[in-house]
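Colleague: I would love a close look at the aromatic rings in this model. Could you walk me through them as you would for a first-year student?

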Amino acid sequence: MAEVERARRLAGARSTSVALNAVTAQVDLGGVQAHTWTYGGQLPGREIRVRRGEILKVELKNQLAEPTSVHWHGIALRNDMDGVPGLTQGGIAAGASFTYEFVVPDAGTYFFHPHSGVQLDRGLYAPLIVEDPDDGADYDTELVIVLDDWLDGVDRTPDAVFEELKKNGMGGMPGMTMTMPKSELLGGDAGDVSYPHVLANGRTFRDPQAVDVRAGQRVRLRLINAAADTAFRVGVPGAGLRVTHTDGFPVQAREADVVLIGMGERLDAVVTMPAGSVPVLAVAEGRDQYAGVVLRNPDARAVSVDDGIVKQLMALPVLMPTSLRAAERAALPVKDPDVVHDLVLEGPGDKYTWTINGKVYDPDDGLPVREGQQVRLKFDNRSQMFHPMHLHGHTFQVRTDANSGPRKDTVLVLPGRSVEVDFHADNPGQWLTHCHNVYHGEAGMMSLVSYVE
Ligand SMILES: [Cu+2]
């Protein structure tokens, strides 16, 4: 057992075992039927819930017709359990099984999904909630909401979409740029793919999930963006948000009306239930689409999720996660970096390539770091589209003037901007850093943070 893994294991740590089946299934998206790939036949897959410090053991049975893998997004786990085929393991063949087993070191809101092709844009995702024994003082109940953009089994498959993007190359089809979503908030293009639906907990706005909550109860929302190509504005018109965590880690609590959540990001916020019924509304940024989950007092009629409420939400100011500050207990010590790596983000090139430092992903070409170093990554976005840049196996602190940005594992880098993140190299292995737009990542926008001796 590696030294770092030993250090993570507490004597007598509790262990949780989960059986996970990757299977095709027919799912009901709320009036829309879709044939897709799922965990256990449901959408989202059933949540896994453990406590900080526990050992999680998951046996994945691949009942799909193609190889798959499971990546535990945001978890600082042992490298050989990170679920990246060709880097940390082989793909799990059709009909085969693989057992993931690792210590879950940090509490927070996480999720898991394949790291194989564009499978994430099917129904293969589920929440992973890591409880902190000290949690619960500032809320009464919690609600996990997973957001997604949807086309699989309705329109085209994600693989067909990716082929189309590559065929059309730079700039897409003639006239296509006109119809692609734009966003002032995101400073450019809001997406590369059009989706017939967006979903909250697997449901369209027409038939949303409804949850009973009594007036005055404080609900901890655990928001997860599992979309492939869509950022969401999320708010509760009629009640404010108290933002408490981003990407699992606590922040200095901030009141907000609306938050923006990019692909791969998570955000926790407490909402105090008013009288009647309110939606937790998620509006697809730059697109005319939305989804929601309805909160209602047991005696109230559920509010409908409709254009009127969307209009209310769109008039409210938006909090960007990068403007949050790490809570004192989550902040990393301020240190000068031992090594700085620049990552220039560009695309799309011919045949829809997205590059880092002019190159598409090459598992043999990494950004070297040494264990114990303080590392700075500088993401420099020279494209017209935002990129949610994700780092495996670590969380970083976003660098701000005051050096006190949020602890995160996924950070939005807007067009023409650069973002610096710092982390301590304390988890040896080969770790991807990549764009969490699944099409950008698959088209090359991935690089490797590579521990060297
Ligand atoms: Cu990207």
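To begin with one pair, are Phe162 and Tyr439 buried or exposed?

Modeller: Happy to! Please keep in mind that this is a predicted model. Phe162 and Tyr439 are both buried. Their rings form an aromatic pair, with 6.1 Å from centre to centre and 45 degrees between the planes, and that makes the pair tilted. Now look at where the two partners sit: Phe162 belongs to helix α2 (residues 158-168), while Tyr439 belongs to helix α5 (residues 438-442). They are 277 residues apart, and the pair links these distant parts of the chain.

Let us move on to the other rings. The count of aromatic pairs comes to 8. One of them joins Trp72 and Tyr100, whose ring centres are 5.6 Å apart. Their planes meet at 70 degrees, and planes over 60 degrees apart count as edge-to-face, so this pair is edge-to-face. Here the partners come from strands: Trp72 lies in strand β5 (residues 71-73) and Tyr100 in strand β6 (residues 97-103). The pair therefore ties together parts that are 28 residues apart in sequence. What about solvent? Trp72 has 0% relative accessibility, so it counts as buried. Tyr100 also has 0% relative accessibility and counts as buried.

These two rings have company as well. Ring pairs link Trp72 and Tyr100 with Tyr39, Phe98, Phe102 and Phe112 into a cluster. If you colour those six residues in your viewer, you can trace the cluster yourself.

Rings can also have a charge for a neighbour. The charged end of Arg122 sits over the ring of Trp37, at 3.9 Å from the ring centre. In another spot, Arg407 places its charged end over the ring of Phe249, 4.2 Å from the centre.

Finally, let us step back to the whole protein. It has 5 helices and 33 strands. Of its 453 residues, 58% are buried. The radius of gyration is 21 Å, and a compact globule with 453 residues would have one near 22 Å, so the two agree. Along the principal axes, the C-alpha atoms fill a box of roughly 65 × 55 × 50 Å. The links across the sequence that we met in the ring pairs have a counterpart in the contacts: among those with a separation of 6 or more, 77% are between residues 24 or more positions apart. As for the outside, the accessible surface is about 17,400 Å², and 47% of that belongs to carbon and sulfur atoms.

Conventions: Residues numbered from 1 in each chain as written. Predicted model: local features only at pLDDT ≥ 70, side-chain atom pairs only at ≥ 80, totals over all residues. Heavy atoms only, no water. Phe/Tyr/Trp six-rings, centres within 6.5 Å; stacked < 30°, edge-to-face > 60°. Helix = DSSP H or I, 4+ residues; strand = E, 2+ residues; numbered from the N terminus. Buried < 20%, exposed > 50% of the residue type's maximum accessible area, 1.4 Å probe, protein only. Lys NZ or Arg CZ within 6 Å of the ring centre and 35° of its normal. Rg over C-alpha atoms; globule rule 2.2 N^0.38 Å. Contact = heavy atoms within 4.5 Å. Areas by Shrake-Rupley, 256 points an atom, 1.4 Å probe, with all protein chains shown as cover.
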